[in-house]
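Trainee: I should like to understand how the terms used for a binding site are justified. May we take them one at a time?

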Amino acid sequence: MDQWRPDSWKAFPAGQQPHWPDEAELDQALKTLGDLPPLVFAGEADQLTEQLGRVANGEAFLLQAGDCAESFDSSADSIRDRLKVILQMAIVLTYSSGVPVVKVGRIAGQFAKPRSSNTETVDDVELPSFRGHIVNEPGFTEGQRRANPQRLLQAYHNSASTLNLLRAFTKGGYAALSEVHAWNQEFVASSPAGQRYTALATELDNALRFMEACGIDTASQSVSQVDLYTSHEALLLGFEQALTRQDSRTGNWYDCSAHMLWIGERTRDLDGAHVEFLRGVQNPLGCKVGPTATVEDVLGICEALNPDRVPGRLTLITRMGAEDITERLTPLLKAVDDAGHPVVWVCDPMHGNTFTSPSGRKTRRFDDVLAEISGFFAAHDAAGTWAGGVHVELTGDDVTECLGGAQEIADEDLDSRYETMCDPRLNGRQSVDLAFAVSDLLRT
Ligand code: PEP
Ligand code: CO
């Protein structure tokens with residue numbers, strides 16, 4: 001393999017890149033980005049690799065969750081509510097299963113979307129597809145769909161302000177264990193899962209009070225602060241390259257746009273630019289693994305992205321669909337295990353279960369989501385490997401985008417609060433419900 005450089009990906013075919021009509025403007029925006037401060041520090045990415053190494057060893061569980069496509073218009077409340085749900089899920093998983101939970105958001109940078117078609121046609125008008133707020137706008141006019149390089153800069157500033165708020169919440173007391181009741185939003189609290197959560201939070205409060213009475217310091221960092229790491233799909237390689245910096249401590253390169261970056265199902269080609277770019281940065285990496293992935297594909301990904309077999313370096317995010325998961329996943333688990341590759345296996349139960357409902361909405365059934373997770377655990381049982389985590393698309397808002405759950409959202413309900421810019425997300429109730437279901441699987 002030729003030597004890696006931050007721009008060596010340019011010699012390889014790069015799928016899913018927008019067509020930028022004004023190249024000079026693009027170059028100028030990328031140059032400006034290259035002069036801006038990094039968003040994360042290399043040492044934080046190393047810490048995440050270390051924690052994911054514990055997941056690879058079967059000693060911890062990964063919760064990776066957040067929006068499908070973040071919006072530039074996200075309010076502080078919406079960011080806070082997404083954080084609340086992630087904290088709720090993590091506490092349910094930790095308390096019920098007794099396993100430490102590594103928390104990674106699809107947040108503070110999840111702006112770019114791969115699309116199945118370059119263009120969209122409505123009433124005989126053909127325009128470029130919407131590729132996420134980092135590229136263009138969802139509205140269907142020529143101006144809105146034009147790929148605008150200024151959006152790369154806006155994505156950077158938006159990531160920075162989101163990350164700043166998350167750091168304030170997670171380090172400033174909001175995420176302290178004493179606040180568990182406060183994370184339960186009203187619309188969640190009234191559901192069966194929300195009530196189960198309230199009972200758990202009360203037990204936890206009692207345990208904390210007991211510890212205090214025994215003289216244990218409950219103001220310590222491990223109880224009052226949370227580590228929440230950021231991640232997104234590393235799709236726009238010019239943007240990712242511009243934020244890639246050499247660590248002054250070690251000389252190693254890090255993509256400082258987020259702690260963890262993943263490669264999508266459509267861009268995991270071993271001879272493609274995305275694999276070439278990511279193999280050279282030291283961040284922990286993810287790669288989606290869909291239903292067509294063969295044993296050779298998966299072993300090729302492991303060799304390309306983690307040749308030194310560092311535990312925690314590589315997370316494989318499977319998204320096979322509820323029906324075929326156990327049958328398709330089991331041989332992959334065995335092959336990777338036999339090859340001695342330390343991999344974090346995570347289940348994305350969302351992207352293999354998307355369909356268009358009779359009312360015309362893109363949706364997912366909550367039961368299919370649960371079924372894929374059960375199949376994922378069953379495959380790991382069969383192969384003797386560790387079911388390392390879940391990767392879900394959610395929002396803290398009270399939306400109606402996925403069918404079913406305790407609220408029994410039906411096709412005719414989808415219209416009432418269908419707000420996603422891309423894929424259907426679990427709402428706060430469905431997310432907490434899911435966390436209880438996963439902790440039951442983790443316990444058995
Ligand atoms: C995603 O995670 O939003 C996504 C597009 O997934 P995939 O690459 O697995 O289709
Ligand atoms: Co999605």
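Mentor: Let us begin with a definition: donors are N, O and S atoms within 2.8 Å of the metal. The model before us is predicted.

Trainee: What makes Cys68, His351, Glu393 and Asp423 the protein donors of the cobalt ion (ligand 2)?

Mentor: Their atoms SG, NE2, OE and OD, respectively, lie 2.0 to 2.5 Å from the cobalt ion. The cut-off is 2.8 Å, so these atoms count as donors. In sequence the donor residues follow the spacing C-x282-H-x41-E-x29-D.

Trainee: Why is the pair Cys68 and His351 said to tie together parts that are apart in sequence?

Mentor: Cys68 belongs to the loop between β1 (61–66) and α3 (76–97), and His351 to the loop between β11 (344–347) and β12 (355–356), so the pair joins parts 283 residues apart in sequence.

Trainee: How do you know that Lys113 makes a polar contact with ligand 1?

Mentor: A side-chain N or O atom of Lys113 is 2.7 Å from an oxygen atom of ligand 1. The limit is 3.5 Å, so the pair qualifies. A backbone N or O atom of Glu265 lies 2.9 Å from a ligand 1 oxygen, and the protein covers 97% of the 300 Å² of accessible area that ligand 1 has on its own.

Notes
Residues are numbered from 1 along each chain as its sequence is written. Chains are lettered from A and ligands numbered from 1 in the order in which they are written. This is a predicted model: local features need pLDDT of at least 70, side-chain atom pairs count only at pLDDT 80 or more; totals for chains, interfaces and linings use all residues. Side-chain values use heavy atoms; hydrogens and water are left out. A polar contact is a pair of N or O atoms within 3.5 Å; within protein, one must be able to donate a hydrogen and the other to accept it, and residues adjacent in sequence count only if both atoms are side-chain atoms. Accessible areas come from the Shrake-Rupley method with a 1.4 Å probe; for residues, only the protein chains shown count as cover. Donors are N, O and S atoms within 2.8 Å of the metal (3.2 Å for Na, K and Ca); water is not among the atoms, so sites may look incomplete. Helices (H or I, at least four residues) and strands (E, at least two) are DSSP runs, numbered from the N terminus.
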